[in-house]
Amino acid sequence: MKILAIETSCDETSVAIVDFSGTRANPKLQVLSHLVSSQIEFHTKFGGVVPNLAKREHERNVVPLLQKALKESRIKNQESSKRNIFSSRDSLFIILDSLFDHEPELLIEFKEKIISLPIPAIDTIAVTNGPGLAPALWVGINFARALALLWDKPLIPMNHMKGHLYSAFIEDRVQKKKHMSFAQIRFPVLALLVSGGHTELVLMKKFGHYRIIGETLDDAAGEAFDKVARMLELGYPGGPAIAAAAKTQNEKRKTKNVDIRLPRPMLNSKDYNFSFSGLKTAVLYLLRNINNKKRILSLRPLIAKEFQESVVDVLVQKTLRAAKEYRVKTIAIGGGVSANTLLRQRLSHDIKKNMPRVRLFLPHVSVTGDNALMIALAAFIDGKKKAPKRVGADANMRL
Ligand code: KG4
Ligand code: ZN
């Protein structure tokens, strides 16, 4: 089964064409093409993602990405002479005009560059339909709906977080044209999903069964990294910037006579919820107290290190506690923050030490960020086909 997947939920435009074999519980995958176009440079100057700017960039990027993906995948054209289901060019144009009512730039690109393409031999189209930024999500959704109608293919809407969750189980380094296998999952699974918009602990007793047992009550972990990085003037995205600043502190040995200690919010609360906004405020007060630009600059690596340790302490300890209570056999992590080296090291170390029978799955760093490969994978494992006109965006979609 060949799936063409499209992801535009935030600030990466991504298209993947993946050939699946095996079963839903034990897929084998071959990535025929996987392209991610990042908009980070456009958002950097605003210190975060601007939804309408993201929408415009997706509109510009998605057609060239699809053209490139079709070319590099070397996917054949559909054999049957069947053209699209539209009786005339006029009826097609009427539908496209209404579909792309809010994406005028994409409408022009679609008419100019997509309509004339031969129909590729893919089986299904998958698209992220939430959670995410509504204007950004709609670009991918309307593009996928138009392709599904034009090529008469089924459409699978997919939850972005399921993509992050299943990426952890891809066993090999993601490489184009190589066959990759997927781990045999032993349930129950506990997944820690940590991204720019989400921080949640998800319990899975079987495929397709997701229960959120804890989540953030305010800021997501990635959001906290981004906001604190902005306060420290470290740039966007904050996660990698804070990790890099903390690393320079590790290398520096010690900062003389200073001890910076930040809170570990909700570390001892009995539930599995998180809260990171107080931690962000603690950094703000700390900076106000220091109140000296030069001194802040010199303490920046130390503050970054302590902040990162605080986030990781809470994430790791709560994950382990939940894993014990629910007697899970597997722990997985996913989402942008799962690229964090300290988080990966601490989870590996603490699980090995405290629950050696539990297996930990970490996604390869090349698939921790937003990408369409994970959407294709989740669609193969847990997707349901829907009529294109019934697929819409749900910015706050839950698992
Ligand atoms: O999953 P993702 O790419 O997009 C969303 O779905 O939100 O996650 C993006 C988040 C950003 O907040 C970014 O700062 C964070 O992931 N991130 C990191 C690291 N790399 C990215 N956070 C901590 N350490 C990292 N190395
Ligand atoms: Zn994401």
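Before the zinc site, one term: donors here are N, O and S atoms within 2.8 Å of the metal, and water is not among the atoms, so sites may look incomplete. With that in hand, the donors of the zinc ion, ligand 2, follow the spacing H-x3-H-x205-D along the chain. Keep in mind throughout that this is a predicted model.

Which residues are those? The protein donors of the zinc ion are H160 through NE2, H164 through NE2 and D370 through OD. They lie 2.0 to 2.1 Å from the ion. The two histidines both sit in helix α6. They are 4 residues apart there, which is about one turn of the helix. Are H160 and H164 buried or exposed? H160 is buried, and H164 is buried too. That threshold is under 20% relative accessible area, counting protein chains only.

Now the other ligand. There are 19 residues around ligand 1, and the closest are G196, D226, G239, G336 and N340. Three polar pairs are worth listing with their distances. A polar backbone atom of G196 is 2.8 Å from an oxygen atom of ligand 1. For G336, again a polar backbone atom, the distance to an oxygen atom of the ligand is 3.0 Å. N340 uses its side chain: a polar atom there lies 3.0 Å from a nitrogen atom of ligand 1. On its own the ligand exposes 550 Å², and the protein buries 86% of that.

Where does the shell come from? The elements giving it two or more residues are α6, residues 160-167, α7, residues 221-231, and α8, residues 238-251. Helix α6 is also where H160 and H164 of the zinc site are found. By class, the shell of ligand 1 has 12 polar, 5 nonpolar and 2 charged residues.

Next, the chain as a whole. It has 12 helices and 11 strands. The radius of gyration is 22 Å; a compact globule of 399 residues would be near 21 Å, so the chain agrees with that expectation. Along the principal axes, the C-alpha atoms fill a box of roughly 75 × 45 × 35 Å. Of the 399 residues, 55% are buried.

Last, some backbone details that you may want to look at on screen. Two cis peptide bonds come up. One joins F187 and P188, with omega about 0°. P188 is in the loop between β6, residues 179-181, and β7, residues 189-194. The other joins Y236 and P237, with omega about -5°. P237 is in the loop between α7 and α8, and those two helices both contribute to the shell around ligand 1.

Then there are positive phi values outside glycine. D152 has phi of about 55°. D152 sits in the loop between α5, residues 134-151, and β5, residues 155-159. With a relative accessible area of 37%, D152 is partly exposed. N291 also has a positive phi, near 50°. Its place is the loop between α9, residues 277-290, and α10, residues 293-325. How exposed is N291? The relative accessible area of N291 is 64%, so N291 counts as exposed.

To recap the two sites: zinc has H160, H164 and D370 as protein donors, and ligand 1 has 19 residues around it, with 86% of its area buried by the protein. That is the end of my part.

Note on methods. Residues are numbered from 1 along each chain as its sequence is written. Chains are lettered from A and ligands numbered from 1 in the order in which they are written. This is a predicted model: local features need pLDDT of at least 70, side-chain atom pairs count only at pLDDT 80 or more; totals for chains, interfaces and linings use all residues. Side-chain values use heavy atoms; hydrogens and water are left out. A residue is near a molecule or strand if one of its heavy atoms lies within 4 Å of it. A polar contact is a pair of N or O atoms within 3.5 Å; within protein, one must be able to donate a hydrogen and the other to accept it, and residues adjacent in sequence count only if both atoms are side-chain atoms. Accessible areas come from the Shrake-Rupley method with a 1.4 Å probe; for residues, only the protein chains shown count as cover. Ala, Val, Leu, Ile, Met, Phe, Trp, Tyr, Cys and Pro count as nonpolar, Asp, Glu, Lys and Arg as charged, and the others, Gly among them, as polar. Donors are N, O and S atoms within 2.8 Å of the metal (3.2 Å for Na, K and Ca); water is not among the atoms, so sites may look incomplete. Buried means under 20% relative accessible area, exposed over 50%, partly exposed in between (1.4 Å probe, protein chains only). The radius of gyration is taken over C-alpha atoms; the globule rule is 2.2 Å times the number of residues to the power 0.38.
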